[in-house]
Amino acid sequence: MADKGRYHGQRLKAKDVLRLYAAGERDFRGTILRGQNFRAAELSGADFSGADIRSARFVDATLRGVRFCAAKGGLQRRWMVGQLLLIMVIAALAGFLQGWSGAWITFFLLDDNWTSENKIAGITGLIVVVITFVAITRQGFTLKALRSVAVAIAMAVAIAAVRFVSGVVAVAVTGAVAVTGVVISAAIVTGAVTVAGAVIGNITGTVTGAIAVAFTPSVTGEVAVTDAIVIAIAVAVVGLLLSFYINRRILKLDPKFENLRIISFAFSAIGRASFSGANLTKAFFTNASLKNTNFANSRQQKTIFNHIRWHHATNLDKARLGNSSLHDPRVLKLLTTLNGNNQYLSHADLEGANLADAQLRNANLCGAKLSRATLRGAQLHQAILTEAQCIGTDFTTAQLTGTTLEAWNIDDTTILTDIDCDFVFLKEHPDAKGSRERLPHNPDKIFEPGDFEKYFKEVMDEVKLLIRDGVDPQAFKTAFQALMSKHDIDPANVRGLERKGSDVLIRVAVPPDQPKADVARTFDTHYEKALPESATQKLLEAERKSKQEIIQLANKSIDSISTVLSNLTINTTAMTNSNNPNVSDGSFYAGGDVTLTG
């Protein structure tokens, strides 16, 4: 078939793949790579679409732009058998402890010859088991629950010390350990290979529990075999119900059982495909099967998730995701479905996410982390981007009609090319007059092609210079001449002068190759250095005057700046020797109403 790779269906060793890759081969579609080790390999740009990567290891590998579309993850058969055996061993141990502690508690409570000390031992052990059970079911597998269990055990120790009751601590501790063992066993069974693995684990626990009851010392001689069987069944049923409950909470992503979920996935990731510590920038996992695949950080480095395409990847919620934002169910669902219409995604961590062509109509992305994300062609009609972090975000051809952009954070690295937008709102909530500050302000107009970028790009490529307490004309002239000589800025780059009380705010357009921080530093340094001490004293005195005088001072400052700009002498070689037809020996037209003479 045309869509099959050259090595489709062939079983390749890691060394063969690396040899072919070094020779320029990139097409490995449909290959069988089960169990192969590509640790720290360079495979950027390779295509493993449809490949069988069960138990393959790409730890610390560089996989930039690699395609794993429809790749088959999972576990090799030999690893599957090994995991099943380990599940049975852990379940057997948990079941044995359940049966053993249950038998002793029953013996102390039901034996006809029991003494008051035995009664205390039985009741104390039962209380510890009940507290452990309740703490875990209500509080989850958390430090708070473990503290409750520790308090119960400490109580048993105290009773044993005061009343000299033999067996209290042993029974209590064993009971607590038994319930905890069931919990951990349930977590591991959650990541079992198959449903059969879970069933076998529970059956193993029940059988070993019955054996523990039947052969517990003193129980067989004092308690009837029938009672032992009843005890075994009761213990098994309680343990099974607890196990099912824990399984359900883990699968429901209950935060109280997140620690068990981590244990579950850490166990289930043993022997499975691993991308731990790999650089997966711009990799594709479209339609890939990723159950229990390991994406956690390696010991050497972090796994890089930038711009990965997860669309229609299956069982990603059952993968080991390390510290990535995919732990957020909202993020995971959005990246695998690309459907965020009407979804509440406020403050979601989508930094570096690949959301090209995503459906985000009416989505609430208030405060969302979208920096370095790809939103090319995304539909964001009526979406809310209030205070969203959009540094370096690619909005090329995105549809933003009706989007709320109140206080969204953008800079000159944000890409706003070919935006499809009729109008936007600058306020999320209407003011007292019912206005949300629509742009364009005229409700009868809409953005023409390219207008959106013009409106917002102007804000991104300018620097704001604040001069406090009036302007010293000579200091301003010196500082602006420094900008002209160092940063290729001329008076035509001044976009606006605004009065802020006694202060003046100057907005200056900055050439693309000039860092804003350097421009601001140059101006401030030269202005402060040239500012005479006497002028500073005069401005301080003026600051103490009436509000009206301060306003007049600011107006005079703006007049001073305008005068300086209109008469500023340009001595740079670039302008003197320019071939610009607007340059002559007598004057230089700088745009607008500004003509520079000299």
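Is L338 buried or exposed? Select L338 in this predicted model: at 6% relative accessibility, L338 counts as buried, because the cut-off for that class is under 20%. The residue sits in the loop between helix 10 and strand 1 (424–425). Its phi is positive, about 60°, although L338 is not a glycine.

**Helix 10**

Step back from L338 to the helix that it follows, helix 10. This helix covers 329–337. Colour V331, L332, L334, L335 and T336, which are buried residues of helix 10. Then go to the N-terminal end, where D328 acts as the cap. A side-chain oxygen of D328 lies 3.0 Å from the backbone nitrogen of R330.

Now move to N362, which is found in the loop between helix 10 and strand 1. N362 is not a glycine, yet its phi is positive, about 60°. With a relative accessible area of 42%, N362 is partly exposed, whereas L338 is buried.

**The nonpolar cores**

Select F285 and F452 next. Of the 74 residues in the largest nonpolar core, these two touch the most other members. Helix 1 (14–22), helix 10 and helix 11 (451–460) each supply at least two residues of this core. In soluble globular proteins, nonpolar side chains tend to be buried together.

Stay on F452 and display its surroundings. Leaving aside neighbours within four places in sequence, F452 is in contact with L400, L405, W408, L416, I419, C421, V424 and F447. A second core, separate from this one, has 22 residues, including I489, V494, V519 and I561.

**The cis peptide**

Go to L439 and P440. The peptide bond from L439 to P440 is cis, with omega near -5°. P440 lies in the loop between strand 2 (438–439) and helix 11.

**The loop between helix 1 and helix 2**

Two stops belong to this loop. Begin with A41, which lies between helix 1 and helix 2. At 7% relative accessibility, A41 counts as buried. Not counting residues up to four places away in sequence, A41 touches L18, A61 and T62. Draw a distance from the C-alpha atom of A41 to that of A14: the separation is 9.6 Å, with the two residues 27 apart along the chain.

The other stop is D60, in the loop between helix 1 and helix 2 (77–110). D60 is buried, with a relative accessible area of 12%. What does D60 touch, not counting residues up to four places away in sequence? Show R39, A40, S276, G277, A278, S298, Q300 and Q301, which are the contacts of D60 on that basis.

**A surface patch**

Turn on the surface and select I123, I127 and M155. Together these residues form a nonpolar patch with about 220 Å² of accessible area. I127 is found in helix 3 (residues 116–139). At 36% relative accessibility, I127 counts as partly exposed.

**The whole chain**

Zoom out to finish. The protein chain comes to 16 helices and 7 strands. Of its 598 residues, 48% are buried. Among contacts between residues at least 6 apart in sequence, 49% join residues at least 24 apart. The chain exposes about 29400 Å², and carbon and sulfur atoms supply 55% of that area.

Key: Residues are numbered from 1 along each chain as its sequence is written. This is a predicted model: local features need pLDDT of at least 70, side-chain atom pairs count only at pLDDT 80 or more; totals for chains, interfaces and linings use all residues. Side-chain values use heavy atoms; hydrogens and water are left out. A nonpolar core is a set of buried Ala, Val, Leu, Ile, Met, Phe, Trp, Tyr and Cys residues joined through side-chain atoms within 4.5 Å. Buried means under 20% relative accessible area, exposed over 50%, partly exposed in between (1.4 Å probe, protein chains only). Helices (H or I, at least four residues) and strands (E, at least two) are DSSP runs, numbered from the N terminus. Contact means heavy atoms within 4.5 Å. A polar contact is a pair of N or O atoms within 3.5 Å; within protein, one must be able to donate a hydrogen and the other to accept it, and residues adjacent in sequence count only if both atoms are side-chain atoms. Accessible areas come from the Shrake-Rupley method with a 1.4 Å probe; for residues, only the protein chains shown count as cover. Patches are made of residues with over 30% relative accessible area and no salt bridge: like charges are joined within 9 Å, nonpolar side chains (Val, Leu, Ile, Met, Phe, Trp, Tyr) within 5 Å. A salt bridge is a side-chain nitrogen of Lys or Arg within 4 Å of a carboxyl oxygen of Asp or Glu.
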